[in-house]
Amino acid sequence: MYLSLIGLVLGVVMGIFLPYSIPIAYSKYMAVAILACLDSVFGGYAASLQGKFDMKIFISGFFGNALLAAGLAFIGDKLGADIYMAAVFAFGNRMFINFAIIRRYLLNK
Amino acid sequence: MKNKGFQITIAFICLILGLMLTVQFKSIKKINSGGIDKMRASELQSALSSANEKLDDAKRELASKERKIEQYQEAASKGGKLGQIIQKDINQAKMLAGLTAAQGAGIVITLNDSKVRNEQGDMNENYFVIHDSDILLVINELRASGAEAISLNDQRVIATSEIRCAGPVLSINNTRTSAPFRIKAIGNAIDMENALKMRDGVVDALQQWGIEITISKQDNMVVPGFDGALTFKYAVPFKEGGNE
């Protein structure tokens, strides 16, 4: 648990000091990718509380969902339809569900 | 959370998440604080074109100055041509001062007193005649729109010209003149006409009082030079580094 927090802080610090930033045109894709990653982390935490955490599923979900969400946003832009809304809706919805699971476990402990 | 490799993987994933988050935050902050994207494209367009115009002007001036330097150097090396070049410069200075007649394309503006009868008698008669301020407004507008030589009833308007009411007539270059007033201006005829006819501009304001204004474009006309004497009693050229 501590290691993951340290990793998060390290990532934030790295992000602050890295000179790179996302071009304006791609910031939307990055945003949905971040949403997908957040969803994976929430899902992973919920699963670990339930005792059915699977590393392979977590890793593949983390990267796969991010790529799929960004890809959907990209294709949506090309087609002129806001397909990224699907990703925003799906991951947002799932995040709330996972948060509900986490709450129940922590409160009923 | 059983073994070390497992925890390190989780930490690594969290690192990536934190990295993505901060990079995205930074990018969005940069976009929002940019300011430029909030300006309208047309504003930027006009700013760009005016900057380009200024650049072109500056380049042209630089080129002409360089040419002049070359000429001076050439003259200095030859000697004989110096007189010619000085003569040319004197002519240029005279032209600037309005001492020589100028010719070129421009516009002629004729102003005449209002013929509207002041029947009610409740309005001041003065409103319906042309005043010095009206003429000054017209001339100022002409200068603002790039007039290069201006004359009023065949009196050249120069740096020291006064335009003021002198009883029922108007005094310019210490000579008296009266309506109708013919103002000749050499310059870009379209620009000058547009400047005068601007909405709520000079022509609009004067026509409210029934003052008759006609503007005609001329392809070639002559603006007379100043024919009086120009002497400086008090002003002398300032020499840099000289006695005060």
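I started with the sheet in chain B of this predicted model: five strands, open, paired antiparallel, in the order S3-S2-S7-S1-S8. Next I looked up the edges, and they are S3 (155–156) and S8 (212–223) of chain B. Each has a single partner strand, so one side of each has no neighbour in the sheet.

Then I checked how S8(B) is held on its partnered side. Strand S1 of chain B, residues 102–112, runs antiparallel to S8(B), and 10 bridges join the two. I picked one residue to follow across: B:Gln103 has B:Val222 in S8(B) as its bridge partner.

What packs on this sheet? Helix H4 of chain B, residues 132–144, does. I find H4 touching S1, S2 (149–152) and S7 (181–186) of chain B. The direction of H4 makes about 10 degrees with that of S7(B).

On to the interface with chain A. I get 23 residues of chain B in contact with 31 residues of chain A. The buried area between the chains comes to about 2,600 Å², and carbon and sulfur atoms give 82% of that. I asked which three residues of chain B supply more than any other three, and got B:Ile13, B:Leu17 and B:Met20, with 21% of the area that chain B buries against chain A.

Last, the polar side of the contact. How many salt bridges does the rule find across the interface of chain B and chain A? It finds 0. I do get 4 residue pairs in polar contact between the chains, counting pairs with both residues at pLDDT 80 or more. Sorting the residues on the side of chain B that touches chain A, I noted 15 nonpolar, 6 polar and 2 charged.

Terms used:
Residues are numbered from 1 along each chain as its sequence is written. Chains are lettered from A and ligands numbered from 1 in the order in which they are written. This is a predicted model: local features need pLDDT of at least 70, side-chain atom pairs count only at pLDDT 80 or more; totals for chains, interfaces and linings use all residues. Side-chain values use heavy atoms; hydrogens and water are left out. Two strands pair if DSSP finds at least two bridges between them. Helices (H or I, at least four residues) and strands (E, at least two) are DSSP runs, numbered from the N terminus. Contact means heavy atoms within 4.5 Å. Axes are lines fitted to C-alpha atoms, for helices over the stretch in contact, and angles run from 0 to 180 degrees between N-to-C directions. Buried area is the accessible area (1.4 Å probe) that two parts lose on being put together, summed over both. A salt bridge is a side-chain nitrogen of Lys or Arg within 4 Å of a carboxyl oxygen of Asp or Glu. A polar contact is a pair of N or O atoms within 3.5 Å; within protein, one must be able to donate a hydrogen and the other to accept it, and residues adjacent in sequence count only if both atoms are side-chain atoms. Ala, Val, Leu, Ile, Met, Phe, Trp, Tyr, Cys and Pro count as nonpolar, Asp, Glu, Lys and Arg as charged, and the others, Gly among them, as polar.
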